[in-house]
Amino acid sequence: MQQKVIIIGSAWPLRGGGIATFNERLARQFQSEGDDVTIYSFSLQYPSLLFPGKSQYGTEPAPTDLTIKSVINSINPFNWIRVGKKLRQENADLIVVRYWLPFMGPCLGTILRSVRKNRHTKIICIADNVLPHEKRPGDRVLTQYFIPPIHAFITLSEKVFSDLRLFTPKPAEVVIHPLYDNFGETISKATARALLGLPKDTPIILFFGFIRAYKGLDLLLRALSILKQTAATPPQLLIAGEFYEDQAKYESLIDELNIRDLLILRTDFIPDSEVRNYLCAADFVIQPYKHATQSGITPLSYHFEKPMLVTNVGALPAMVPHEKAGIVTEPDANAIAKGIQQLYSLGEEHFLFHLREEKKKYSWEVLTGAIRRLAQES
C-alpha cells in the first residue's frame, strides 16, 4: 500500500557530502517501492561562521525525479514553528529524519514536537551520530531535547547504538550503511586515470572525502613518509576532498616530511559526477581514521569493488573483514604503512571475491524494511 513519506535532511542544492547523497538515494528507494516521497531540506543549514568549507552549495543540476523543498532554517525558531505546523498538516504516514549533529537538535526537535500533535505520523530517526566526532559544550543537552518526539531509531553502527542507549531506551535497530550505488557503474582504471589526468601505471592510493581531524590524514601522510624510505616503489597518494579544517597545518607537515613528490592534491569539493572517476582510478582506498562511528566511504568503495585499508576504530573493522575485503590496522603511522604494503603484496585480485560477497549485505531494501517495521511496531 502506498505511503506518504517525508524525509527531513540535507538535499540538493546543498552539497552535504554523504548525508545529502544518502537522503536522495533513500527517497528513490521509497519511490521504487511505490511511495509518495518529499524531502524537506534546509534553506539555511549552517550559518556561514559555523561552516568549515568553501561553499554549502553544489554545482550539479537539480534532480528531476525528486521533490525537494528547501524550507528549514536551522537558526530561526519562528521558521521551526511554521515548518512544524506545515508538516503536521501534511499528515504523512512516515517521517524519516536524519540526525548527525547536536546543533540540529533544537530545530528538528521543535519541528517534530509539532508533527506529533497530529497523532498519525510515525517518526523514525536515522542517527549518523548521537555524540559528534568533534565534541562541543552543550552536545548532550541538545541531543536530549531532540529525542522525545522520535518513535524509533536506526543507527548505522553498534557504536552509535551504544551512544543512543545513554539517552533513551526507545526501539532501535542497527542497519548496515547501504551501498552508494548512485554514482554510476565501474569504469576501467585506465579510463578513470585518463579522465583525471593521472599517470597510467603508477601505484596510486586514495584518501577520499572531506578532510577533518578525526579522519587521520596526518597519520596517512606520516605513513607515506615511511613508505618513501622503505618501499622500493612507494605509491602516490591521491587526496580528493575539500579541507574542513586548517589546510596550512597539512601543507606544513607535507613539507616537513618531504613527500610532496608523492602527492596528487585535488582538494576542492568533488561533485557527484566525478566521484566514480576517483574511486576507479585508485588501486586501494585508505581510511586512516583516529576515531569513527561508521563511514560512507566504505559502502562507496564496496560499490566500486575497491579494497580498503581501515583502522581499528568504531564500526570500520566490522565492515571490512581483515585480509578479505581489505586490511585492518591500528591508527598508527607505522601500522598503516605496513598495511599499505600488505595491500600491494596481496594484490587487488585477492580481494575481489570477498568484496563482491560482502557488498550483497549493503541493500537499500534492508534499510526501508527496517524503517517500516519500526514504524509499525511503535
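**View 1. I371 and its contacts in a predicted model.** Leaving aside neighbours within four places in sequence, I371 is in contact with L26, F30, L94, V96, I124, I126 and I154. The structure shown in every view is a predicted model.

**View 2. The largest nonpolar core.** This core has 94 residues. Those with the most contacts inside it are L26, F208, L221 and I371. Helix α7, residues 217-230, gives the most to this core: seven residues. Another core lies apart from it, with 36 residues. Among them are I8, A92, Y99 and V130. In soluble globular proteins, nonpolar side chains tend to be buried together.

**View 3. Aromatic pair Y180 and F183.** A search of the whole structure finds twelve aromatic pairs. Y180 and F183 form one that is edge-to-face. The ring centres are 6.2 Å apart, and the planes meet at 75 degrees. Y180 is buried, and F183 is buried as well.

**View 4. Aromatic pair F284 and Y344.** This pair is also edge-to-face. Centre to centre, the rings of F284 and Y344 are 4.8 Å apart, with 85 degrees between the planes. The pair links distant parts of the chain, 60 residues apart. F284 is in strand β11, residues 284-287. Y344 is in helix α12, residues 333-346. F284 counts as buried because its relative accessibility is 1%, under the 20% limit. Y344 has a relative accessible area of 30%, so Y344 is partly exposed.

**View 5. A cluster of rings.** Three residues appear here: F210, Y244 and F269. Ring pairs link them into a cluster.

**View 6. Two arginines over rings.** The charged end of R98 sits over the ring of F22. The distance to the centre of that ring is 4.1 Å. R113 lies over the face of Y145. Here the distance to the ring centre is 3.9 Å.

**View 7. C107 and its closest cysteine sulfur.** A disulfide is a covalent bond between the sulfur atoms of two cysteines. The count of disulfides in this model is zero. Why does C107 form no bond with C125? The sulfur of C125 is the closest cysteine sulfur to that of C107, but it is 13 Å away, so it is too far for a bond. The cut-off is 2.5 Å. C107 counts as buried, at 1% relative accessibility. C280 also counts as buried, at 1% relative accessibility.

**View 8. The buried side of helix α8.** Helix α8 covers residues 247-257. Its buried residues are Y250, L253, I254 and L257. Why are they on the same side of α8? They cover an arc of only 100 degrees around the axis, which puts them on the same side. An α-helix has 3.6 residues a turn, so residues three or four places apart point the same way. What covers the buried residues of α8 includes α7 and β10, the latter at residues 263-266.

**View 9. R25 in helix α1.** Helix α1 covers residues 18-32, and R25 has its place there. Is R25 buried or exposed? R25 counts as buried because its relative accessibility is 12%, under the 20% limit. Not counting residues up to four places away in sequence, R25 touches D181, N182 and W364.

Methods:
Residues are numbered from 1 along each chain as its sequence is written. This is a predicted model: local features need pLDDT of at least 70, side-chain atom pairs count only at pLDDT 80 or more; totals for chains, interfaces and linings use all residues. Side-chain values use heavy atoms; hydrogens and water are left out. A nonpolar core is a set of buried Ala, Val, Leu, Ile, Met, Phe, Trp, Tyr and Cys residues joined through side-chain atoms within 4.5 Å. Buried means under 20% relative accessible area, exposed over 50%, partly exposed in between (1.4 Å probe, protein chains only). Helices (H or I, at least four residues) and strands (E, at least two) are DSSP runs, numbered from the N terminus. Contact means heavy atoms within 4.5 Å. Rings of Phe, Tyr and Trp (its six-membered ring) pair if their centres lie within 6.5 Å; planes under 30 degrees apart count as stacked, over 60 as edge-to-face and the rest as tilted. A charge sits over a ring if NZ of Lys or CZ of Arg is within 6 Å of the ring centre and within 35 degrees of the ring normal. The arc is that of the directions from the helix axis to the C-beta atoms.
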